[in-house]
Amino acid sequence: MKKSITIPFILPSILTPEEVQSVTKGAGYEDKARKFTVTRLLQYWCVSALEQWDSYRSGVDHAARSGLTM
């Protein structure tokens, strides 16, 4: 069994929230979501890649164990 990553958010060590906002603004994208923002999506992608999640559907269980919430 793979050990779950206990560091819930790796993204801030790579991109600050301000940098994410700058990139999305530069791309002409306006983040209108209240809960599931671009930053949250990138956090999910980082953890799913590092933990090598099996599928999209298995991500629900993995996300909870990794400290990711909606």
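**Figure 1. Helix α2 and the largest pocket.** Start with α2, which gives the most to the lining of the largest pocket, namely four residues. What you're looking at here is a predicted model. The pocket itself holds about 310 Å³ of space. It has 13 lining residues, and the ones closest to its centre are Tyr44, Trp53, Tyr56, Gly59 and Val60. Two or more lining residues come from each of α2 (38-51) and α3 (59-65). As for character, the lining of this largest pocket splits into nine nonpolar residues, three polar ones and one charged.

**Figure 2. A close look at Tyr44 and Trp53.** Two of the residues from the centre of the largest pocket get their own view here. Searching the whole structure turns up two aromatic pairs. In the pair made by Tyr44 and Trp53, the ring centres are 6.4 Å apart and the planes sit at 85°, so this pair counts as edge-to-face. The cut-off behind that label is an angle over 60 degrees. In general, two numbers describe such a pair of rings: the distance of the centres and the angle of the planes. Are Tyr44 and Trp53 buried or exposed? Both Tyr44 and Trp53 are buried.

**Figure 3. The aromatic cluster.** Step back a little from Tyr44 and Trp53, and Phe36 comes into the picture. Phe36, Tyr44 and Trp53 together make up one aromatic cluster. Tyr44 and Trp53 from this cluster are also among the residues closest to the centre of the largest pocket.

**Figure 4. The second largest pocket, with α1 in the lead.** Now for the other pocket, which has about 220 Å³ of space. Which helix gives the most to its lining? That's α1, with five residues. Both α1 (17-26) and α2 supply at least two lining residues here, and α2 is the helix we met at the largest pocket. To find your way around the second largest pocket, look for Pro17, Val20, Gln21, Thr24, Lys25, Tyr29, Glu30, Asp31, Thr37, Val38 and Thr39, which line it. Sorted by class, this lining has four nonpolar, four polar and three charged residues.

**Figure 5. How confident the prediction is.** This last view is about trust in the predicted model. Across the protein the mean pLDDT is 77, with 83% of the residues at 70 or more. Confidence is highest in α1, at 89, and lowest in α3, at a mean of 76. Keep both helices in mind when you go back to the pockets: α1 gives the most to the lining of the second largest one, while α3 gives two or more residues to the lining of the largest.

Note on methods
Residues are numbered from 1 along each chain as its sequence is written. This is a predicted model: local features need pLDDT of at least 70, side-chain atom pairs count only at pLDDT 80 or more; totals for chains, interfaces and linings use all residues. Side-chain values use heavy atoms; hydrogens and water are left out. On a 1 Å grid over the protein atoms alone, a cavity is a set of points where a 1.4 Å probe fits but cannot get out, and a pocket is an open set with protein on both sides within 12 Å along at least five of seven lines; lining residues have an atom within 4 Å of a point. Grid points are joined across faces, edges and corners, and a volume is the space filled by probe spheres set on the points. Ala, Val, Leu, Ile, Met, Phe, Trp, Tyr, Cys and Pro count as nonpolar, Asp, Glu, Lys and Arg as charged, and the others, Gly among them, as polar. Rings of Phe, Tyr and Trp (its six-membered ring) pair if their centres lie within 6.5 Å; planes under 30 degrees apart count as stacked, over 60 as edge-to-face and the rest as tilted. Buried means under 20% relative accessible area, exposed over 50%, partly exposed in between (1.4 Å probe, protein chains only). pLDDT is the predictor's confidence in each residue, from 0 to 100.
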